[in-house]
Amino acid sequence: MQGMAKINVLVVDDSALVRKLLSEVLNSDPDIEVIGTAIDPFQAREKIKKLKPDVLTLDVEMPKMDGVTFLKNLMRLHPMPVVMVSTLTEQGAQVTLEALELGAVDFVAKPKIDLSNTLGDYAEEIIGKVKTAALVNVNALVREKAVLPDVPDKLTADAVLEKRSPSAIPSHLKTTEKIIAIGSSTGGTEAVKDVLRLLPANSPGIVITQHIPPAFSGPFAERVNGVSAIEVCEAQDGQQILPGHAYIAPGDKHLIVERSGARFYCKLNDGPPVSRHKPSVDVLFRSIAQNVGANAIGLMLTGMGDDGAKGMLEMKDAGAFNFVQDEKSSVVWGMPGQAVKIGAAELQVPLNKIATKLMSLA
């Protein structure tokens with residue numbers, strides 16, 4: 001990003017402490033400058049007109065007008081990249097998921113207690129998400145590759161699940177039952193919902209790893225369940241994977257698919273982050289390659305980074321049919337783009353045609 005203009009950010013939050021801390025965190029990165037702060041949506045509106053920021057960070061819960069109402073108006077009159085700053089509560093989760101529906105690019109969760117001491121842990125995440133947001137074309141919702149800050153070494157799926165060849169299945173235990181495995185990240189909560197709500201009640205069992213904080217995965221599953229013909233839940237350890245059901249990885253556990261005889265089960269794993277994520281798509285996809293093999297259909301939806309691409313290639317080598325969301329309909333074409341780049345996916349499909357494609361394959 002050297003030599004490029006800085007990303008100008010407007011911070012909107014009713015808490016003076018949060019405005020101060022967020023400004024300090026964002027200004028600590030050489031590529032970002034906080035050009036103003038606003039205490040409520042009315043002040044924010046004036047400052048957006050005057051300062052023309054590249055990215056807005058927006059508190060979900062504010063006086064005078066809540067963040068979602070403001071976002072609705074903003075996206076209608078002046079669409080721009082917005083990162084929601086949300087409380088880690090049930091209510092906060094519902095409102096944040098609504099904000100993503102309205103066009104917010106992403107969200108960060110506010111630490112609950114002792115804000116000034118814990119915000120540092122969030123610095124890397126907030127900076128990364130603001131940089132990603134700056135590259136998203138909100139009208140077309142595309143463009144890839146933000147320059148992310150240096151982060152710890154990435155572990156591979158080996159840290160959780162040893163790589164091995166898919167096990168040969170005795171013929172009397174063979175099953176024709178399909179399993180659909182989906183991976184997603186930035187923009188994925190909306191993409192997952194858009195795909196699942198179009199699937200019929202008799203679709204194959206579906207397992208999903210979406211990068212999401214722990215407090216949000218349950219409410220997210222409930223929200224999608226409310227609009228879908230299939231049953232959608234947060235995955236539990238030992239749950240059998242049944243047709244007409246979708247299982248979403250909890251926000252702090254890897255989801256692994258295991259097989260017993262002709263049946264498939266969810267297993268939750270508390271191992272280290274893989275590809276810097278927990279849950280990790282690479283871990284899910286590897287377990288699918290090993291235990292489901294050619295009975296699997298792999299799908300990669302919108303997301304930042306490359307988690308899942310290697311796992312998807314392992315699935316392909318095991319006989320699975322894989323495809324990805326196309327670039328035009330993705331918020332960020334990182335994960336799907338990487339899968340295409342390494343030859344792990346057969347097709348690129350627009351978001352509104354994915355459900356139909358899944359059913360034709362199943």
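Start by selecting P279, which you'll find in the loop between strand 11 (263–269) and helix 8 (281–291). Show the backbone here: the peptide bond from K278 to P279 is cis, with omega near 5°. Keep in mind as you click around that this is a predicted model.

Stay in that loop and pick R276, which also lies between strand 11 and helix 8. R276 isn't a glycine, yet its phi is positive, about 65°. Is R276 buried, partly exposed or exposed? R276 counts as partly exposed, because its relative accessibility is 42% and that class runs between 20% and 50%.

For another positive phi, jump to K52, in the loop between helix 2 (41–51) and strand 3. K52 is a residue other than glycine, and its phi is near 45°. Colour by accessibility and K52 comes up as exposed, because its relative accessible area is 59% and the cut-off is over 50%.

**The five-stranded sheet**

From K52, move on to strand 3 and bring up the sheet around it. Five strands make an open sheet with parallel pairing, in the order 2-1-3-4-5. Select 32–38 and 106–110 to see its edges: these are strand 2 and strand 5, and each pairs on one side only. On average, neighbouring strands in this sheet are turned by 25° against each other, direction ignored.

Now zoom in on residues 55–59 and 82–87. These are strand 3 and strand 4, which run parallel and are joined by 4 bridges. Show L58 as sticks and look across to M84 in strand 4, which stands opposite.

Next, add residues 67–77. This is helix 3, packed on the sheet and touching strand 3 and strand 4, with its direction at about 150° to that of strand 3. Then add residues 90–102 for helix 4, which lies across strand 4 and strand 5 and runs at about 170° to strand 4.

**An aromatic stop**

How many aromatic pairs does the structure hold? There is 1. Select F107 and F216 to see this pair: the rings are tilted, 4.7 Å centre to centre, with 35° between the planes. F107 sits in strand 5 and F216 in helix 7 (residues 214–225), so two distant parts of the chain are linked here, 109 residues apart. Both residues, F107 and F216, are buried. Before leaving, show K129 too: its charged end sits over the ring of F107, 5.5 Å from the ring centre.

**The seven-stranded sheet**

Hide all that and bring up the other sheet. Here 7 strands form an open sheet with parallel pairing, in the order 8-9-7-6-12-13-14. Select 231–234 and 347–349 for the edges: strand 8 and strand 14 each have a single partner strand, so one side of each is left without a neighbour in the sheet. Neighbouring strands are turned by 20° against each other on average, direction ignored.

At the strand 14 edge, highlight residues 321–325, which are strand 13. Strand 13 and strand 14 pair in the parallel sense over 3 bridges. Show V324 and you'll see Q348 of strand 14 standing opposite.

Finish with the helices. Residues 188–196 are helix 6, which lies across strand 6 (179–184), strand 7 (205–210), strand 8, strand 9 (245–248) and strand 13, running at about 170° to strand 7. Helix 8 packs on the sheet as well, touching strand 6, strand 7 and strand 12 (296–300), and its direction makes about 160° with that of strand 6. Helix 8 also takes you back to the start of the tour, since the loop holding P279 lies between strand 11 and this helix.

Key:
Residues are numbered from 1 along each chain as its sequence is written. This is a predicted model: local features need pLDDT of at least 70, side-chain atom pairs count only at pLDDT 80 or more; totals for chains, interfaces and linings use all residues. Side-chain values use heavy atoms; hydrogens and water are left out. Two strands pair if DSSP finds at least two bridges between them. Axes are lines fitted to C-alpha atoms, for helices over the stretch in contact, and angles run from 0 to 180 degrees between N-to-C directions. Contact means heavy atoms within 4.5 Å. Rings of Phe, Tyr and Trp (its six-membered ring) pair if their centres lie within 6.5 Å; planes under 30 degrees apart count as stacked, over 60 as edge-to-face and the rest as tilted. Buried means under 20% relative accessible area, exposed over 50%, partly exposed in between (1.4 Å probe, protein chains only). A charge sits over a ring if NZ of Lys or CZ of Arg is within 6 Å of the ring centre and within 35 degrees of the ring normal.
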